[in-house]
Each structure stands twice: as structure tokens, then as C-alpha cells.
2 protein chains.
Amino acid sequence: MATIKDVAQRAGVSPSTASRALHGSKIISQPTREKVVKAARALNYAPDFNAQNLATKASNTIGVVLPVDHHEIFSNPFFLEMIRGINEVCSQNGSMTTLATGISSDELVHNIDVMIAQGHIRNFILLYSEKNDPVVERLNQFDVHYVVIGKPYHDVNRISYVDNDNVQAGTDAAQYLLDHGHRRICFLCSDLSKMVQGDRMLGYQRVMMQHQLPNIILSERFESHETGVQALHKFFKNYPDVTAFVAVDDMMALKLQQVLHNDAEWKVKQFSLIGFNNSIFSELAHPTLTSIAVFPQRLGEEAAKIAIADRPKDELSTAVIVPHQIIKRHSVHQVKKLL
Amino acid sequence: MATIKDVAQRAGVSPSTASRALHGSKIISQPTREKVVKAARALNYAPDFNAQNLATKASNTIGVVLPVDHHEIFSNPFFLEMIRGINEVCSQNGSMTTLATGISSDELVHNIDVMIAQGHIRNFILLYSEKNDPVVERLNQFDVHYVVIGKPYHDVNRISYVDNDNVQAGTDAAQYLLDHGHRRICFLCSDLSKMVQGDRMLGYQRVMMQHQLPNIILSERFESHETGVQALHKFFKNYPDVTAFVAVDDMMALKLQQVLHNDAEWKVKQFSLIGFNNSIFSELAHPTLTSIAVFPQRLGEEAAKIAIADRPKDELSTAVIVPHQIIKRHSVHQVKKLL
DNA sequence: ACACTTTTTGCAAGCGATTGCATAAATTTG
DNA sequence: CAAATTTATGCAATCGCTTGCAAAAAGTGT
């Protein structure tokens, strides 16, 4: 493996000159620069990551933080697609990525601690955003940058983030159902401490209010089939005339569909259903699921771009909104007008 | 951030002594060791990754290689679960992980090149195994260790790997269908160059031969609904009496189910179906999918353990087989005996 | 108590890069 | 043409840690 000394020697200059030449320093003359570059190329020189980082106290590595393992999260391909996007732009920019995961928030925070302490990692991307997240509290204690995917809970103007316009997306979903004649529409979620769920709900509520229709919220995790069935029985007792659901993501939509399908009475009612994320689930469902696509890979890419750009001292935060798009499939039915 | 000098000073010894004490070197006396450890703890000392790696020419980082992005791969939660397992044991052992992805095998190989050249990464885990993989060819050219998840294509005895007994799993799946009275069973796959698919097929073929039943293989990617329908029409023309399918994984099973469900004639036939991986898909399908669980997280954990253990010079390879388990749900029906 | 082991420690030289500062070369100027 | 600048290079220290080797301390035997 060639070192910078080898390059310098071959180019007939000193290591310091070689280093400067390769970094495009302005004080190196054109001819020497060319010599050095040629030598480097000939030797297939690649700077040693560790040495470089040690000398510069940088790290060229961004830490990608997954949410605390609630098990269901790791069966959600959404995250992998974001990671893919992140990795794509990172490898194009000579950065590396490393993952932080944890089975509890303590463990996760600890893992992040060591990344910061030993690894000199100074840039993070959080793949999620939720209220009172111990991880961001910790990150705030250090002199590190981070960008979150999703809307930050606090300090929206001081934290860089990339997100969809989830409020609008929620509105669009509900509006789509309204357009199909539905009037009693339920918003189904699992955990409102996740910002994304809260925002989508807000959007839903917005249209519903506008049309002076009731907000009907169902928060249910479908831990098991039985609990799901139970919850729905109770739900329909209270809201017998609901005809459609906005589910906070495709997985929730499918879980709902699952229990609806398994009950003869419910099944025949043909509830309408709309999900979010346009994940593979939506294509595989039966009927195929109408869903709002949010382009996770794109989210990842944008987040990585922000994370990589050395932010100047003045600490301006960046916000990127990536557009969403409704993908129409077969889970939404037109309500026949009775009048 | 405390350095080893600080620790040494506080403990009243030299840095070298401190270093050795912290590494449990045998030549340090008990009292000094304790002094050093106490000082380190008091200062909250954590060794600098870069400096350590530079000095030892190690890297404490393992590269996790994802398969080339065929898009569908990134919608498969399977990988994320393996990563989760890997990360878990790595962070417990003070190792980091970094991901290698690529949109083409050239790009992927390139990314691995830079990891090796600049990053001094000497340990990799491949999350897949396929025939004639350019990635392993490249890895073989360097002095690096790697463990593959899945059965290696070449040199099975020289390469460390962790895998399920996929042949047996294939057998179990087919046998389960046989036990339910099926006699014309199709094996559905998408890409036989993946070792995992080949193995499962082998297992299927083994039982079928044993019972002197025909091997019926359908290789179809279901790129679109239309191509799927077309392929199945052709298929049923040739094999009209097939009553059950062993799908090479849950996703394939669901894609099949999807097109079967959408055709009135096929739908009524109630084909039996069994998948692999026991992914979230199988619970969300309707009917719920009987599937063979393979515990991807466990696969990841085992792989990481192997990758972390410094292998001695003699280069003994390790193979770990993690057991599988059939998870019975509702996609397999008993065939009524006509005799 | 002395010479001889054996056990503990510390010195100093790396690892491969970057960078402030001094020096050498090139250029300009009076 | 010598002096004063300006521009280009190289020296050497540094980042934080490890490790071979020599030196110091402690222990042994006679």
C-alpha cells in the first residue's frame, strides 16, 4: 500500500508538498502539482483513513441512527431504503457510514457515546424523529452535527432536517377519501409520539374540520390478532358508520385489513383504506393498497448531502422537503350516493 | 477528551505502562494496573479509534456487504434484521460496522476497494451468497477475512460462513405439503444463481424424487402483474394438476398469491402455499402464510461473532448452521382424499 | 552483601498523514 | 544588478496510541 512518502519520492518532492498538492492547495505551482498527481495515480495512492483522521481530527464518517429496536421496526423496509440513499451519496463523496442501533434507548445512547468519544464521529443522521428523544438530548450535549429525517420535535429552526410535508400528505389522503364520497373516516395510528404520525394526523384533522366532519382517531398496535379484533369491535360499537380508514403507514393498513378480512361481517362491508409509504406491502396486499409514496431513498440522499456539507460556523440549518405522491390502487372504493 | 497521557500522568506512570495496563498485558504488576484502571475510569478515558488503528494497523471495523441493488432487495426487511444482529454483537465488542452498497457490481466492488485501501478494513460480512460473485473474487485478491451468510459457492471448506440448512428446509417445506395430501407441487423461484434458492430447490427435489413425483420448477420474477399472469397461464397449461407451491421466499409467495387471487378461476382452486423467512409479510398475507422461519437476526449475530474473533494464522474456517422452524399458518390446505 | 535472575517500568521510535514556520527559488523593482 | 518581494518548497512537530528494547527495581541464592 502506497503512502504519501512513496508518492512524494516518486514525484521528487517532500511529503508536505505532496500532501498540499493533492489537496489542491493554491500555493503549489502547477507543474509540481501535476507531477504529484501523476505519481499518486501511478502508485494507486489512497490516503490512509486513520492517519488522515488522526491528523485532522475529522472522521469522514457519518453515524446513521436507527430508532430503538421495537422489533417491528426492523421488519420495516423503509429504513433500509433510506440507508441505501444515504450510502449512495456518501460513497460518492468518500465518506463512510456506520450504523448505531440499540435494543433500548440506553444502549443506543451508549453506542452513540462511544462513536463520539472513540470514533471522533461528528455527523449523524437520525432516521426518525420523536418527542423527547434521549438520543437528540445527548447529541445536543456534544459538539456534533446531526440531521434528522422527519420533523424535529424541538427547535425546528435550529436543526437541519429533511422530511415530507406530512401534514399535507395527511390532508391529501383524507381528501382523496372524501372525494370518493366517504364521510366517516377514521385515522389509524400506532404511536403518536412519532412526529410523522402526529403530522399526518394533523393533516387529516385539518380537512375533516374544514368539512365539519368528526375526527375519529384509532390508536392501536395490533400486537396480536386477538387484541386487534377486540379493539375493532369496541371501535365499531362507537363508530358504526365509519366507511374508510387513513392508516398511518402501509404496515398498519395491512394489519387492519388483515383483521377486517377475517371477519365475515366486516369483510362484506368493503372498507376503503389508504396507507403511506408506498412500500412493497401495498403492492402485495389484496386488494392492492392505495398509498402515499414518500420516497425514502430520496430522503436518505438529501439527508446525506446535508450531513456531508461542512456547515460553516454560523450554523444555518437546512430543511429539505421532498414531495409525496399518491399512488392509486384498489383499496379505495367509491361510495354510492343514496340521495 | 482524555488521552492516554492524561491517564498515565494521573496514575503516576508512563504512557506505555498505562497502555499495557489497560490491555491486560501480563507483565504489569497488579498494583500499577489498578492505579491505571482507576485513573482511566476517573477521566472517562476512551482510546482514540484512529490513533489506535493507525498504530496497530487494525481497524476494528467490519464491512457489511449488501447485495447489488436490484431494488427489490431493499424492500426486503430480511437484510435489516441481519444487520441488526450484526450490529448488536459488534457494539458489544467495541467493533464498528460500516455498510457497503452499490447500484452495480462495479460500484460495489469499487466501494469495497476503498474500504480496504483507505479504511484498513480487514473483515467483511457478505449478507448473501451467489454464483460467480465479483465481490468475493475481489476479496480473495486481498489479505482480508470474510464470512458469508449463506453457503459459499466455491471453497466451502475454506470459507467461513453461517447459513441455514436450506436443503433440509426445502425438504421440510415440500414434505409438509406432501403430508397434506398434495402430489403435484411446484417450486417457485426467481434467481437460481443465489445459493439459497438453489439449495432450497435441491431439498424440494430430494423429497419429490424420493416419492417418485415430478419436479416442477417455475422461475418467474413477477416484474409486473401482467407478466405474472401471462407466465402463470403458460405454466398451468403445462401443469394443470398442480395444487401447491413452495415459494423460495415469502415475497415470492405473496406475489404469486397476488396473481392467483386476482383470477376468478384460480382463486377458487385454493392453492396451497408455503414460503420461507417468516417475514412480516407472512403474517400480513391473507390467508396468513405458512412459512419456514430462518432467524435472520441470529444469522447476523453468528456471522459477527466469527468476523470478530481474530482467526489464528492457520486459517481454519468456521461454519455455523442455524436451525429453521416451520411456522404453520393458514395457507396450506388438506387435500381431500378421493379414493 | 554481592552477583545473578526475573519482573516491572520507561524511553523513544514508529504508524501515515497534516500544517506552521523557516528557507529556498523565482520574480519584481529601484 | 543588488535588494526587496512574492511564490514555492521542505523541515520538523504533531495527532494519540503501541511496542521493541534498554534500564531500573525487586527478588534469589550462596
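**Exercise 1. Which residues are the closest to DNA strand D, and how many residues surround DNA strand D?**

Before solving, note the basis: this is a predicted model, where local features need pLDDT of at least 70, side-chain atom pairs count only at pLDDT 80 or more, and totals for chains, interfaces and linings use all residues. Residues are numbered from 1 along each chain as its sequence is written, chains are lettered from A and ligands numbered from 1 in the order in which they are written, and side-chain values use heavy atoms, with hydrogens and water left out.

*Solution.*
- Step 1. Apply the rule: a residue is near a strand if one of its heavy atoms lies within 4 Å of it.
- Step 2. Count. DNA strand D is surrounded by 27 residues.
- Step 3. Name the closest: Ser14(A), Thr17(A), Arg20(A), Ile4(B) and His23(B).
- Step 4. Look at the DNA side. Of the atoms of DNA strand D that come within 4 Å of the protein, 65% are sugar and phosphate.

**Exercise 2. Describe the surface near DNA strand D by element, class and polar contact.**

*Solution.*
- Step 1. Find the elements, taking helices (H or I, at least four residues) and strands (E, at least two) as DSSP runs numbered from the N terminus. Helix H2 (15–22) and helix H4 (49–56) of chain A, with helix H2 (15–22) and H4 of chain B, each give at least two residues.
- Step 2. Rank them. H4(B) has the largest share, 4 residues.
- Step 3. Sort by class: Ala, Val, Leu, Ile, Met, Phe, Trp, Tyr, Cys and Pro are nonpolar, Asp, Glu, Lys and Arg charged, and the others, Gly among them, polar. The surface near DNA strand D has 11 nonpolar, 12 polar and 4 charged residues.
- Step 4. List polar contacts (a pair of N or O atoms within 3.5 Å; within protein, one must be able to donate a hydrogen and the other to accept it, and residues adjacent in sequence count only if both atoms are side-chain atoms). The side chain of Thr32(A) places a polar atom 2.9 Å from a phosphate oxygen of DNA strand D. For Arg20(B), a polar side-chain atom lies 2.9 Å from a base oxygen of DNA strand D. Asp48(B) uses a backbone N or O atom, 3.2 Å from a phosphate oxygen of DNA strand D.

**Exercise 3. Repeat the analysis for DNA strand C.**

*Solution.*
- Step 1. Count. 27 residues surround DNA strand C, the closest being Ile4(A), Ser19(A), His23(A), Thr17(B) and Arg20(B).
- Step 2. Split the DNA atoms within 4 Å of the protein: 63% are sugar or phosphate, the rest bases.
- Step 3. Rank the elements. H4(A) gives the most to this surface, 5 residues.
- Step 4. Sort by class: 12 nonpolar, 11 polar and 4 charged residues.
- Step 5. Give the polar contacts. A side-chain N or O atom of Arg20(B) is 2.4 Å from a base oxygen of DNA strand C. Lys57(B) has a side-chain N or O atom 2.8 Å from a phosphate oxygen of DNA strand C. A polar backbone atom of Asp48(A) is 2.8 Å from a phosphate oxygen of DNA strand C.

**Exercise 4. Characterise the interface of chain B and chain A.**

*Solution.*
- Step 1. Count contacts (heavy atoms within 4.5 Å). 53 residues of chain B touch 53 residues of chain A.
- Step 2. State the buried area, the accessible area (1.4 Å probe) that two parts lose on being put together, summed over both. The two chains bury about 4,900 Å², 60% of it on carbon and sulfur atoms.
- Step 3. Count salt bridges (a side-chain nitrogen of Lys or Arg within 4 Å of a carboxyl oxygen of Asp or Glu). There are 2 between chain B and chain A. Arg84(B) pairs with Asp69(A), the closest N and O atoms being 2.1 Å apart.
- Step 4. Add polar contacts: 15 residue pairs across the interface, both at pLDDT 80 or more.
- Step 5. Assign the chain B side. H5(B) supplies the largest share, 9 residues.
- Step 6. Sort that side by class: 26 nonpolar, 18 polar and 9 charged residues.
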